[in-house]
Structures are given as C-alpha cells and as structure tokens.
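Open the model in your viewer and keep the sequence panel beside it. This tour tells you what to select at each stop and what is there.

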Amino acid sequence: MKEIPITIIDKDITYTIERRKVKYIRYELKSNRLKLIIPNNFKGDIETYIHKKDKWIYKKITEYEKLNEKLQKQTFGKKLINRNLNQLKILSQEYIEKYQKILNVKVNRVQYRDMTKKWGSCSSLKNITLSKNLKYLPDELVAYIIYHELAHILVLAHNDEFFNIIKKEFPDYKKYDEYLTQYWYLIRNI
C-alpha cells in the first residue's frame, strides 16, 4: 500500500487507503500511520474525510508519542532474550508442569503462534496458545504468562476471582504487566 503524507494540525503522518466491502469509512491509527478503510464505491475527497477527524487523530498521535517516549526511557538498557522456539517450548513445558500442579488443573493442548496483540490465550477446552514472541522474554515473564493462562482454566474472565488466583503466585502482578508492555515495545522495535 502506498503511504501518502498528510499534516494533522502540526504533526506530519502518513496514511494508506484500503478499499473493502464496507458501508462507512473506518479510521485505524497505529503508531503515526493512519489507515483508511473505505467502501469500494467511494468517490469523495479522502483528505476532506481525514480532516473531519483531525482532533481525534491528533489526540491519538499525541497519546502514542507520550507512551512511546515513556517506554523508550523505561526500556533503556533492557535486552531481549535470544532463544529459539525449541528452547521456548522446553522452558514453557517446565512452567506448565509446575503450575498445573500448583493450580490443580490439566492443560489439554499447547500450541505456539505468531500473535500480534497478546502473549497467550486459553480456551474453554483448556487449550493454551502462546505467542512465539515469548522467546524474547526473561524466564520470570514467561512463567507469569503461563501461570496467567493456566489460571484461566479455573476462571475464564479477568475478574476479582481470577486476580485473586494470580496474586497467590504473583502478588505484584501489575509490575509484571508493566514489564510485559516494555518488552512488547522492544519486540515491536526489532
């Protein structure tokens, strides 16, 4: 897709256009890149429609820049772990066995996938999916994610009952979540 430059208030960004079978224009903003999903039969002036959302786009870009600056400071000097997928599977299996005993649960199946929005998931069938990106994380974060997903075998929702289970093994779980955000930032910038 061709990236087209545009200025939103005082910020220079780029946008791309994707035509799809949709009824209305959709705006997706990731980093400083705007993606417009427009109906196949759209004939209007694209930039006019972009500028109708100037305030929203500007706000989102500013939020992204602040978060990016904060994460850049927080991750200064942090390094990604260099494991291959097989090493990750061995490490994961150790934690799965450990936490199955602690939580008194049994995983049905474990699979590894390229995941762009999360570290793992657990289905109601007790199937665990782990992101291949876990190979870049320190051991304690891999452990935390696996414990988190196994806890979902007991409670699927992210509610008080679930977090009470998490707190038993990881009382400072919010700190682990912060570290995960920092590592997500590092991985995204590989």
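## First stop: Lys126

Select Lys126, which is partly exposed, with a relative accessible area of 39%. Keep in mind that this is a predicted model. Lys126 sits in the loop between β6 and β7. Look at its backbone: the phi is positive, about 70°, although Lys126 is not a glycine. The two strands around it form a hairpin with four residues between them.

## The hairpin strands and their sheet

Now select β6 and β7. They run antiparallel, and three bridges join them. Find Ser121: Thr129 in β7 stands opposite.

Add β5 to the selection. Strands of a sheet pair through backbone hydrogen bonds, either parallel or antiparallel. In which sense do β5 and β7 pair? They pair in the parallel sense, over five bridges. One place to check is Arg109, whose bridge partner in β7 is Asn127.

Show the three strands together. They make an open sheet in the order β5-β7-β6, with mixed pairing. Residues 109-113 (β5) and 120-122 (β6) form the edges; each of these strands has a single partner, so one side of each lacks a neighbour in the sheet. From one strand to the next, the twist averages 15°.

Next, bring in helix α3, residues 85-103. This helix packs on the sheet and touches β5 and β7. Its direction makes about 145° with that of β5.

## Inside: β7

Select residues 127-131, which are β7. In a regular strand the side chains alternate between the two faces of the sheet. Colour one side of β7: Asn127, Thr129 and Ser131. Then colour the other: Ile128 and Leu130. Are these residues buried or exposed? They are all buried, and both faces of β7 are covered. Because five of the five residues of β7 are buried, the strand is largely enclosed by the rest of the structure.

## A buried loop residue: Val107

Go to the loop between α3 and β5 and pick Val107. Why does Val107 count as buried? Its relative accessibility is 10%, and the cut-off for buried is under 20%.

Show what surrounds it. Leaving out residues up to four places away in sequence, Val107 touches Ile96, Gln100, Lys126, Ile128, Leu150 and Ile153. Lys126, from the first stop, is in that list. Then draw a distance between the C-alpha atoms of Val107 and Glu97: they are 9.2 Å apart, with their positions 10 residues apart along the chain.

## Two helices: α3 and α4

Select α3 and α4. Two packed helices are described by the angle between their axes and the distance between the axes. Here the angle is about 45° and the axes are 9 Å apart. The two helices are therefore oblique to each other. Their crossing is right-handed.

Show the side chains of the contact. From α3, they include Leu88, Leu91, Tyr95 and Ile96. From α4, they include Val142, Ile146, Tyr147 and Leu150. By class, the contact has 14 nonpolar, two polar and one charged residues.

## The next pair: α4 and α5

Hide α3 and select residues 139-154 (α4) and 160-169 (α5). What is the angle between these helices? They pack at about 140°, with their axes 10 Å apart. That makes α4 oblique to α5, because only angles over 145 degrees count as roughly antiparallel. The crossing of α4 past α5 is right-handed.

On the α4 side, the contact uses Tyr144, Tyr147, His148, Ala151, His152 and Leu154. On the α5 side, look for Phe162, Ile165, Ile166, Lys168 and Glu169. These residues divide into seven nonpolar, two polar and two charged.

## Last stop: the hairpin of β1 and β2

Finally, select residues 4-8 (β1) and 11-20 (β2). These strands pair in the antiparallel sense over five bridges. Find Ile4: its bridge partner in β2 is Tyr15. The strands form a hairpin with two residues between them.

Pick Ile9 in the loop between β1 and β2. Ile9 has a positive phi of about 55° although it is not a glycine. Is Ile9 buried or exposed? At 53% relative accessibility, Ile9 counts as exposed.

Conventions
Residues numbered from 1 in each chain as written. Predicted model: local features only at pLDDT ≥ 70, side-chain atom pairs only at ≥ 80, totals over all residues. Heavy atoms only, no water. Pairing = 2+ DSSP bridges. Axes fitted to C-alpha atoms, helices over the stretch in contact; angles between N-to-C directions. Contact = heavy atoms within 4.5 Å. Parallel < 35°, antiparallel > 145°, perpendicular 65-115°, else oblique. Left-handed = near helix turned anticlockwise from the far one by under 90°. Nonpolar A, V, L, I, M, F, W, Y, C, P; charged D, E, K, R; others polar. Buried < 20%, exposed > 50% of the residue type's maximum accessible area, 1.4 Å probe, protein only.
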